[in-house]
Amino acid sequence: MTTMPVLSLKDIQVRFPVNPDWRGRPRQHVHALNGISLEIAKGETLGIVGESGCGKSTMAQVLIGLLQPTQGEMTLSSGKSNGKGGMQIVFQDPQSSLNPRLPVWKIITEPVFAAANRKVDKAAMRELAQQLAAQVGIRPEYIDRFPHEFSGGQRQRIAIARALAAEPDIIVLDEPTSALDISVQAQILNLLAELQRSRQLTFILISHNVSVVRHMCNRVAVMYLGQIVEIGDAAQVLEHPAHPYTQLLLASVPTLESVQDESAVPENVELPSNRVLPTGCYFKDRCPSASSACLQPQVLKQISTQSQEHEARCHLAHPD
Ligand SMILES: Nc1ncnc2c1ncn2[C@@H]1O[C@H](COP(=O)(O)OP(=O)(O)OP(=O)(O)O)[C@@H](O)[C@H]1O
Ligand code: SF4
Ligand SMILES: [Mg+2]
């Protein structure tokens, strides 16, 4: 990466204690993230793909400061702390992420209200809410309405306005369109792309939907069992996947015409348990190319012959 990163993660690990014994001590741990390291430059959109349970939402929670990693380091270059200005999130389902008892202007300005320790001027907050509403395509005169008075797409616009309110450097989008009607999805994606250009935002876009990632992202990271198995320029990774898992994931992607099917997930294959991590390559039990060499742990290795970054965690991966 040539420019200074706005965010860098170093060996982030998250383990959840589960299955407590009679003393309340955990008998097992879910290994949700197993050493995530990456850097993100200002203005980029990094896509994160991988099947259900691979750790995408856990990563989102770490990023916005809802979850303290068990191990590892996260640095925001702006010096702002995550969750308070530095980073905001838009969740999958605006139905459950917006407080039904609050009028829209309070929902939108809540991050500013929280950051200012509740010492804010009501008129100024209403004014800010009106401006942000207009920017996301909600009529400013609707700010006294409640979430149930809006459609799903409009509610997601309100969630986006709220994410913008604290003027974050980075917005994490966790499946931002997958709860919406197909017809509305493109509108929301276009709005996000437009806001990104006008505000120089950095996006981390989590999605099952590879066509959404292809449309929105300049870089993509593929996750498997809490690790990044492939990362690089989006066109490069999606057109010339180097890791056997990415190849499998892309082969099972529905065509653009049938994107209703959100699951880019190979069927009939069980994910290995994340309670007892496999030795060697985490993917070896499902990999069509597995051999005895795969019993060794695999590291991300640079495979691009060009200047763009492209790395894969497989000894077979070679320059394309
Ligand atoms: N609080 C928790 N306690 C125990 N296990 C958890 C907890 N939160 C998540 N997990 C487990 O951690 C793993 C990663 O979960 P996560 O929600 O990050 O996956 P995901 O990639 O977002 O999946 P999806 O695509 O279904 O949203 C899963 O095995 C999940 O069951
Ligand atoms: S290291 Fe081996 S098992 Fe793992 S992805 Fe590569 S070929 Fe498959
Ligand atoms: Mg999730």
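Q: What is the mean pLDDT of the chain, and what share of its residues reach 70 or more?
A: In this predicted model, the mean is 90, and 90% of the residues reach 70 or more.

Q: Where does pLDDT stay under 50?
A: Over residues 255–264, for which the model has 17 contacts beyond four places in sequence. Where pLDDT is low, predicted coordinates should not be read in detail.

Q: What makes the space taken by ligand 2 a cavity?
A: A cavity is a set of points where a 1.4 Å probe fits but cannot get out, with the protein atoms alone considered. Two cavities of 30 Å³ or more are counted by this rule. Ligand 2 takes up the largest cavity, with about 70 Å³ of space.

Q: Which residues line the largest cavity, and how do they divide by class?
A: The lining includes H243, P244, C281, F283, C287, C294 and C314. Seven lining residues are nonpolar, four are polar and none is charged. Cys counts as nonpolar, so C281, C287, C294 and C314 fall in the nonpolar group.

Q: Why is K284 the charged residue in the shell around ligand 2?
A: Lys counts as charged, and K284 is among the residues that come nearest to ligand 2. The shell has one charged residue, so that residue is K284.

Q: What makes the approach of T58 to ligand 1 a polar contact?
A: The limit is 3.5 Å between N or O atoms. An oxygen atom of ligand 1 is 2.5 Å from an N or O atom in the T58 side chain, so the pair qualifies. Polar backbone atoms of G53, at 2.8 Å, and C54, at 3.3 Å, also lie within that limit.

How values were computed. Residues numbered from 1 in each chain as written. Chains lettered and ligands numbered in written order. Predicted model: local features only at pLDDT ≥ 70, side-chain atom pairs only at ≥ 80, totals over all residues. Heavy atoms only, no water. pLDDT = per-residue confidence, 0-100. Contact = heavy atoms within 4.5 Å. 1 Å grid on protein atoms, 1.4 Å probe; cavity = no way out; pocket = protein on both sides within 12 Å on 5 of 7 lines; lining within 4 Å. Points joined across faces, edges and corners; volume = space filled by probe spheres on them. Near = heavy atom within 4 Å. Sits in = over half its atoms within 2 Å of the grid points. Polar contact = N/O pair within 3.5 Å; in protein donor to acceptor, adjacent residues only side chain to side chain.
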